[in-house]
Structures are given as structure tokens and as C-alpha cells.
Amino acid sequence: MRSTKTAEPWIEQGLGPFGPAALKPNSRTRFATDGGALLKIYVGVDPEGRRQREVATVERAALWGISVPAVLATGNDGAGSWTAFRVVDGTPCSVSTHSATEEYVGHVVAVSGRLHRPIAGATAGSGWEARQASAVSSHQFLLDQFSSRCRSLPWWAVLSEVLQPIDSLPVVRLHGDLKPEHLFVDGERLHVVDWEASACGPAVLDYTDVVFHLVRDLLYGGMPPARIPVDFLTRLPFSGPVLAWRLLLWLDRRRTQDIDLITAHDIHRLATEEQAASAYRSLAQTVALLRAAGVPR
């Protein structure tokens, strides 16, 4: 029988007991039975790197006045890579109504205003740490996130070309995953959780991720493409090439065979769209077609 010390090292630090785990593709989360703490166990892709990145980013974000969940304990041991956070108060943002969506977008703008400040000498990459010898351009950082098979697909050269202009944009600190469920509203206070995808790069990466998740989740929730609230989304900075990249990254990570449904023409059309509203409608139509083809969320 495995010892308690090996199986649940957080108990030695006065944490727990924790309830059943909620399973996600890259993590398992458990709430303390007293409701005061959340335990995240990192699994899947680079669990230790994600643990270190999240802990370091949370600590720095707190120094800049952003309300984040305090790190109660963290470790890399017999239980794997894990972190226990203090639970934040409030209610997560929602996109269930037009007014809720508008409020959510407003909170994205507010928190991004604190984060998205140019950093002298910074280069693109995961986390907020300084990079020197291994520095890459912003567009190369995006391309490096694809699996190797994508380099042989017809749209690869098109995407590589249309992304290159983002290298001229300022590099800022990014949250990396500003979904509604990661923003908690507590009266007049906004709490921001789940920082494991933090990175440095152009600010438009955060905004495009918000747009993509909102469009995808509303469509998979049953909303017709024509009813997607693109008027709210046009408040956010827009980049057609980054929007095309985000669509392809979703397919590459979710079900690789479905990425063959996207043509070079599809990517060129979306990437060269100059109007945000038109691009978002085009994205909605594409995702709706993929949903009908059975591509998982």
C-alpha cells in the first residue's frame, strides 16, 4: 500500500481533505470539502512546465494588483505535479445572454488593460520569464505550437506567410486563456484564475482566443451562426491571420484528421479579411460546418 506521504503530500501542509476529481484533458481538479481550496493536478502535456509557469505567473500578477487565487502549496513528487490554490469569491462570467456576453467582454478589456503593456526587449514564448538564447519571432512561436504533420498540409505555407506581419507588434504579457469561467466577478472586484497558459506575445493573441472560444462555445451550445453577437466582439483588437491560426490550432489538437477539411483558400480568405465583423461571421460559418461534420468541441 502506498503511504499517505507519497499519495497525498498536501495533507502534510494542512490541506484537505479534497472531494472527487473533475477530469479535464490536461488536469484533474478537486475542491476541499470545506470549500476553501482547490487542488489542481497537472497531467497530459508538460505537466511540470505548466505547474511552474502557473505558480510563477500568479505570483507576479498579484504584485501588479491583479486579483488572483493565492498559492497555498505546490509540488512535484510522488503525486505528480500539483498546486493548491485558495478559492476566490464571486461568480464566473457567462455568455448565456447578450447582456452577460457584453459584461464578459468588458471584463476582458479591463484585465487586458493591466496586462498588455509593452515590455522592453521581450520576446515571444510560453510564460513570462526572460528569453535570450532561444528567442523566436512572434509568428514562429505560433507556428511551433502545431504538430509536425501540419507542415506538410496545403495551408501551411499560406499561414506562415500571413502571420509574419505580427512580428512588428509589441510583445506583452498574456494570460493565454481568458474564458468566461476564468473570470470571477465579486461585486466590484474581478478575480482572474487559471494562468497555466500564460505567455509573452502580441496582445491580439489574448483577444483572438477570447473571440474563438466565444464563437465556438455558442455554436456548440446550439446558437445559429447568424445570431453570434459579433457587435460585442468588435470591441476587441482584430487580426485575421491570428484568427486563422487559432482555428487551425483547435483542429490540430482536437482531432487531427479533421484538419484536412480546411483548405489553403479557406485560410487565405479568413486571414486577409480586413473587417472584424465579417471575419467573425466567416469563422462562425466555418465552425458550424465543422460541428456538423462531427468535429468535437
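This report describes the cores, strands, cavity and largest pocket of a predicted model.

## Nonpolar cores

The largest nonpolar core holds 79 residues. Those with the most contacts inside this core are F146, W155, L159, W195, W245 and W250. Helix 6, which spans residues 204-220, gives the most to the core, with 11 residues.

W155 can be followed in more detail. Leaving aside residues up to four places away in sequence, W155 touches F146, C150, L248, I259, I262, T263, A264 and I267. A second core, separate from the largest one, has 12 residues, and A37, V43, A79 and W82 are among them.

## Strand 3 and its partners

Strand 3 covers residues 37-42, and 6 of its 6 residues are buried, so the strand is largely enclosed by the rest of the structure. In a regular strand, side chains alternate between the two faces of the sheet. Both faces of strand 3 are covered: one side carries A37, L39 and I41, the other L38, K40 and Y42, and all of these are buried. The buried set thus includes K40, with under 20% relative accessible area.

Strand 2 (residues 27-31) is joined to strand 3 by 5 bridges, and the two run antiparallel. Within this pairing, R30 stands opposite L39. The two strands form a hairpin with 5 residues between them, and G35 in the turn has a positive phi of about 75°. Strand 3 also pairs with strand 5 (residues 80-86), again in the antiparallel sense, over 6 bridges. There, I41 of strand 3 stands opposite W82 of strand 5.

## The 6-9-10 sheet

Strands 6, 9 and 10 form an open sheet in the order 6-9-10, with antiparallel pairing. Strand 6 (91-92) and strand 10 (189-192) stand at the edges and have a single partner strand each, so one side of each is left without a neighbour in the sheet.

Strand 6 pairs with strand 9 (residues 183-186) over 2 bridges, and P92 stands opposite F184 of strand 9. Helix 3 (residues 98-115) packs on the sheet, where it touches strand 9 and strand 10. The direction of helix 3 makes about 100° with that of strand 9.

## Enclosed cavity

A search of the whole structure finds 1 cavity of 30 Å³ or more. The volume of the largest cavity is about 40 Å³. Its lining consists of L247, I262, D266, R269, L270, S282 and T286. One of these residues, I262, is also touched by W155.

Helix 9 (264-271) and helix 10 (276-292) each supply at least two residues of the cavity lining. Helix 9 provides the largest share, 3 residues.

## Largest pocket

The largest pocket contains about 1500 Å³ of space. It is lined by 42 residues, and N26, D177, A197, R246 and R253 lie nearest its centre.

At least two lining residues each come from helix 2 (47-63), helix 4 (138-143), helix 6 and helix 8 (240-254). Helix 6 gives the most to the lining of this pocket, with 8 residues. Helix 6 is also the element that gives the most to the largest nonpolar core.

Technical notes. Residues numbered from 1 in each chain as written. Predicted model: local features only at pLDDT ≥ 70, side-chain atom pairs only at ≥ 80, totals over all residues. Heavy atoms only, no water. Core = buried A, V, L, I, M, F, W, Y, C linked by side-chain atoms within 4.5 Å. Buried < 20%, exposed > 50% of the residue type's maximum accessible area, 1.4 Å probe, protein only. Helix = DSSP H or I, 4+ residues; strand = E, 2+ residues; numbered from the N terminus. Contact = heavy atoms within 4.5 Å. Pairing = 2+ DSSP bridges. Axes fitted to C-alpha atoms, helices over the stretch in contact; angles between N-to-C directions. 1 Å grid on protein atoms, 1.4 Å probe; cavity = no way out; pocket = protein on both sides within 12 Å on 5 of 7 lines; lining within 4 Å. Points joined across faces, edges and corners; volume = space filled by probe spheres on them.
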